[in-house]
Amino acid sequence: LMGSVPQLKRLGAPYASSKPVALTEDETEYQVNVVKHACAEALVLQFTVTNTIEDQLLRNVDVALEFVDGDQISPAFSVPAPEVRYAVPGIAWVVFAVPAQEFPTAVFSAALKFSAVDVNPESGEPLSEMGADDEYGIQNVEIQLADYMQRTFVPNFAAVWDKFDPSAETVQILALASFKSLPAAVAALVDTLGMQVCERTGDVPAAASNHTLLLAGVFRGQVPLLCRIRLKIDQSQSVVVELSVRCAAEFVRELVFAALG
């Protein structure tokens, strides 16, 4: 899809793409979701906009992002959707320049900006060439560690784990006090780290009191890593994990712990 947009062709193919994240409720007049594509030197945000108002056409639909928290970064450029007709999704793009050795994380407030034109609901033809400029707030957009992570399939986790030098491992005990069940904790860990679940360890019995989660990934398209996460319910009925990360790059191991800290 990116390759069909002239302004994005020079960025190359993404090495990782996130799942769509809804930024509006289902019942709203404008429905928006975002997919984040990580390229060699850019992070591309794909906003899919659906207009549910039958007698309205949206023109020049852009997404304005305002920095809220995290690493101070700003978009390099955007590519607005030329128009978004009723029930026909349109795509607006926002591009961040991200040098190969950097991996900023941040939170942005977001709003759609567009020109709204009244149309004949039967024919879909505009009733006027002039539109009214408008703005529509949507949920915050987050750029996270997981957005730079490529999921990789590992058929034999133990064999690959043993190939890492023992000095390339970091182990920490973490308390996930906000979780009271292992299935919820496992789902959150997979979502936060953006890594591939191995050997079906993402399936957790609802009443389980301990579990081991195995994850594999490649960070920034270059650095492979594995995580072995042993979870249990402690006496206070909270989740405690022993997180072991194997990766030749120490800074990547540190990033994983920081993401869960």
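User: Let me start with two side chains in this model: are Phe 157 and Trp 161 buried or exposed?

Analyst: Both Phe 157 and Trp 161 are buried. Keep in mind that this is a predicted model. The cut-off to remember is that a residue counts as buried under 20% relative accessible area. Across the protein, 44% of the 261 residues are buried.

User: Where do Phe 157 and Trp 161 lie?

Analyst: They share helix H1 (residues 157-163), with their positions 4 residues apart, about one turn of the helix. We will come back to their rings shortly. For the wider setting, the protein has 3 helices and 16 strands, and its C-alpha trace spans about 70 × 40 × 35 Å along the principal axes.

User: How should I read a pair of aromatic rings, and how many aromatic pairs are there here?

Analyst: A pair of rings is described by the distance of the centres and the angle of the planes. A search of the whole structure finds 9 aromatic pairs. One of them joins Tyr 30 and Tyr 136, edge-to-face, with 5.0 Å centre to centre and 90° between the planes. This pair links distant parts of the chain, with Tyr 30 in strand S3 (residues 30-39) and Tyr 136 in strand S10 (residues 132-143), 106 residues apart.

User: Why do Tyr 30 and Tyr 136 count as buried?

Analyst: Tyr 30 counts as buried because its relative accessible area is 4%. Tyr 136 has 16% relative accessibility, so this residue is also under the 20% cut-off. Now compare the pair in H1: Phe 157 and Trp 161 are stacked, at 5.7 Å centre to centre and 25° between the planes.

User: Which residues form an aromatic cluster?

Analyst: One cluster is made up of Phe 103, Tyr 148, Phe 219 and Phe 251. Phe 219 is a good place to look in detail. This residue sits in strand S14 (residues 210-219) and is buried, with a relative accessible area of 1%. Setting aside neighbours within four places in sequence, Phe 219 touches Phe 103, Leu 145, Tyr 148, Met 149, Leu 225, Phe 251, Val 252 and Leu 255. The C-alpha atoms of Phe 219 and Tyr 15 are separated by 9.8 Å, although these residues are 204 residues apart along the chain. As for the protein, among contacts with a separation of 6 or more, 62% are between residues 24 or more positions apart.

User: And how do I read the packing of two helices, say H2 and H3: what is their angle?

Analyst: Take the angle and the axis distance together. Helix H2 (residues 182-193) and helix H3 (residues 250-260) pack at about 130°, with axes 10 Å apart. That angle makes H2 oblique to H3. Their crossing is right-handed. On the H2 side, the residues are Leu 189, Thr 192 and Leu 193, and they meet Val 256, Ala 259 and Leu 260 of H3. By character, this contact has 5 nonpolar residues, 1 polar and no charged.

User: What about a loop residue: is Ser 238 buried or exposed?

Analyst: Check the location, then the accessible area, then the contacts. Ser 238 lies in the loop between strand S15 (223-233) and strand S16 (239-246). With a relative accessible area of 9%, Ser 238 is buried. Apart from neighbours within four places in sequence, Ser 238 is in contact with Ala 177, Phe 179, Lys 180, Lys 232 and Ile 233.

Conventions
Residues numbered from 1 in each chain as written. Predicted model: local features only at pLDDT ≥ 70, side-chain atom pairs only at ≥ 80, totals over all residues. Heavy atoms only, no water. Axes fitted to C-alpha atoms, helices over the stretch in contact; angles between N-to-C directions. Parallel < 35°, antiparallel > 145°, perpendicular 65-115°, else oblique. Left-handed = near helix turned anticlockwise from the far one by under 90°. Contact = heavy atoms within 4.5 Å. Nonpolar A, V, L, I, M, F, W, Y, C, P; charged D, E, K, R; others polar. Phe/Tyr/Trp six-rings, centres within 6.5 Å; stacked < 30°, edge-to-face > 60°. Buried < 20%, exposed > 50% of the residue type's maximum accessible area, 1.4 Å probe, protein only.
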